[in-house]
Structure formats: structure tokens, C-alpha cells
Amino acid sequence: VQLQASGGGLVQAGGSLRLSCEASGMLFRYAAMAWYRQAPGKQRELVAAIPSGGSANYADSVKGRFTISRDNAKNMVHLQMNSLKPEDTAVYYCNRGSYYSGSYHSSNYWGQGTLVTVSS
């Protein structure tokens, strides 16, 4: 399994970025996928997750601003980030995991991370 994330960069507060993660080496259409982020000095946290079928779920801090989507034909998962805030600054990672009891559970399959910096 390989996950290749891209799309990070520097943006001003209020701006937008779109992250992409290309997956290979797995049956993507059956996989639950997610985006996590890790800010300096903080633990990695779940930002958004999407099952193979069904509705996505989001961290409270990004609800209404971020949208996760998947393109099964291209084996890609995206994270559209709007109304960005300085506190969204972090390295963002994509992950392949699973849903259990309605919650997303990460696996050891991580992308390399892409840095998002939001300036005030």
C-alpha cells in the first residue's frame, strides 16, 4: 500500500487549499480513507474520514469548512479546505483505515504528509 499526498502550501487566513492523496497497491473502492493532521507539539488528530460507501464524518473544528471526497476511478481522496485559519496549520496525512462501530480507525498505512501553513 502506498499513499502519496500533495497540495499543501502557504495560504492566507480565509483562503482555500485542496489536498489530494493518490493510493496504490490496494482495492481502493473498498477502503475507508481519512485525513489526519499534526501541528507542532501536538498529537496527530483525525480531520475527516470517508467510508467506501456512506457519509463522511468530520472533526468539530473543521465542520462546515472542510470537505472530504473520493474518486474511486482515480484511486484518490481529496480534502477541500475553505475558510482556513492559522490554527489549521499542520502537516496533513492521508490514511487508509476501517470503520468499526460507526467510527473510523486508522491503520499503519500513512502517506508522507503535506504541509499546510496558514498565515494571519
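Two strands are taken as paired if DSSP finds at least two bridges between them. The views below show a predicted model.

**Figure 1. The hairpin of strand 9 and strand 10 in the predicted model.** Strand 9 covers residues 90-100 and strand 10 covers residues 103-110. Six bridges hold the two in an antiparallel pairing. Tyrosine 100 stands opposite serine 103, a residue of strand 10. Two residues lie between the strands of this hairpin, and serine 101 adopts a positive phi near 55°.

**Figure 2. The disulfide between cysteine 21 and cysteine 94.** A disulfide is a covalent bond between the sulfur atoms of two cysteines. The structure contains one disulfide. Its sulfur atoms, those of cysteine 21 and cysteine 94, are 2.1 Å apart. Because the torsion about the S-S bond is about 55°, the disulfide of cysteine 21 and cysteine 94 is right-handed. Cysteine 21 belongs to strand 3 (residues 17-24) and cysteine 94 to strand 9, so the bond ties together parts separated by 73 residues in sequence. Both cysteine 21 and cysteine 94 are buried.

**Figure 3. Aromatic pairs involving strand 9 and strand 10.** The geometry of a pair of aromatic rings is given by the distance of the centres and the angle of the planes. The model has four aromatic pairs. One of them is formed by tyrosine 93 and tryptophan 110, with 6.3 Å from centre to centre and 85° between the planes, an edge-to-face arrangement. This pair links distant parts of the chain, with tyrosine 93 in strand 9 and tryptophan 110 in strand 10, 17 residues apart. Tyrosine 93 has a relative accessibility of 14% and therefore counts as buried, whereas tryptophan 110 is partly exposed at 27%. The ring centres of tyrosine 99 and tyrosine 104 are 5.7 Å apart and the planes stand at 80°, so this pair is edge-to-face. Tyrosine 99 is partly exposed, with a relative accessible area of 27%, while tyrosine 104 is buried at 8%. Tyr93, Tyr99, Tyr104 and Trp110 are joined by Tyr36 in one aromatic cluster.

**Figure 4. Arginine side chains over aromatic rings.** Arginine 44 lies over the face of tryptophan 110, 4.4 Å from the ring centre. Tryptophan 110 is also the partner of tyrosine 93 in an edge-to-face aromatic pair. In a second example, the charged end of arginine 70 is placed over the ring of phenylalanine 28, at 4.6 Å from its centre.

**Figure 5. The surroundings of arginine 37 in strand 4.** Arginine 37 is part of strand 4, which covers residues 32-38. Its relative accessibility is 6%; with under 20% as the limit, arginine 37 therefore counts as buried. The side chain of arginine 37 makes a polar contact of 2.7 Å with the side chain of glutamate 45. A polar contact of 3.4 Å also joins the side chains of arginine 37 and serine 61. When neighbours within four places in sequence are left aside, the residues in contact with arginine 37 include Gln43, Arg44, Glu45 and Val47. Ser61, Val62 and Phe66 are also among them. The contacts of arginine 37 further include Glu87, Asp88, Ala90, Val91 and Tyr92. Among these contacts, Arg44 is the residue that lies over the face of tryptophan 110.

Conventions
Residues are numbered from 1 along each chain as its sequence is written. This is a predicted model: local features need pLDDT of at least 70, side-chain atom pairs count only at pLDDT 80 or more; totals for chains, interfaces and linings use all residues. Side-chain values use heavy atoms; hydrogens and water are left out. Helices (H or I, at least four residues) and strands (E, at least two) are DSSP runs, numbered from the N terminus. A disulfide is a pair of cysteine sulfur atoms within 2.5 Å. Buried means under 20% relative accessible area, exposed over 50%, partly exposed in between (1.4 Å probe, protein chains only). Rings of Phe, Tyr and Trp (its six-membered ring) pair if their centres lie within 6.5 Å; planes under 30 degrees apart count as stacked, over 60 as edge-to-face and the rest as tilted. A charge sits over a ring if NZ of Lys or CZ of Arg is within 6 Å of the ring centre and within 35 degrees of the ring normal. A polar contact is a pair of N or O atoms within 3.5 Å; within protein, one must be able to donate a hydrogen and the other to accept it, and residues adjacent in sequence count only if both atoms are side-chain atoms. Contact means heavy atoms within 4.5 Å.
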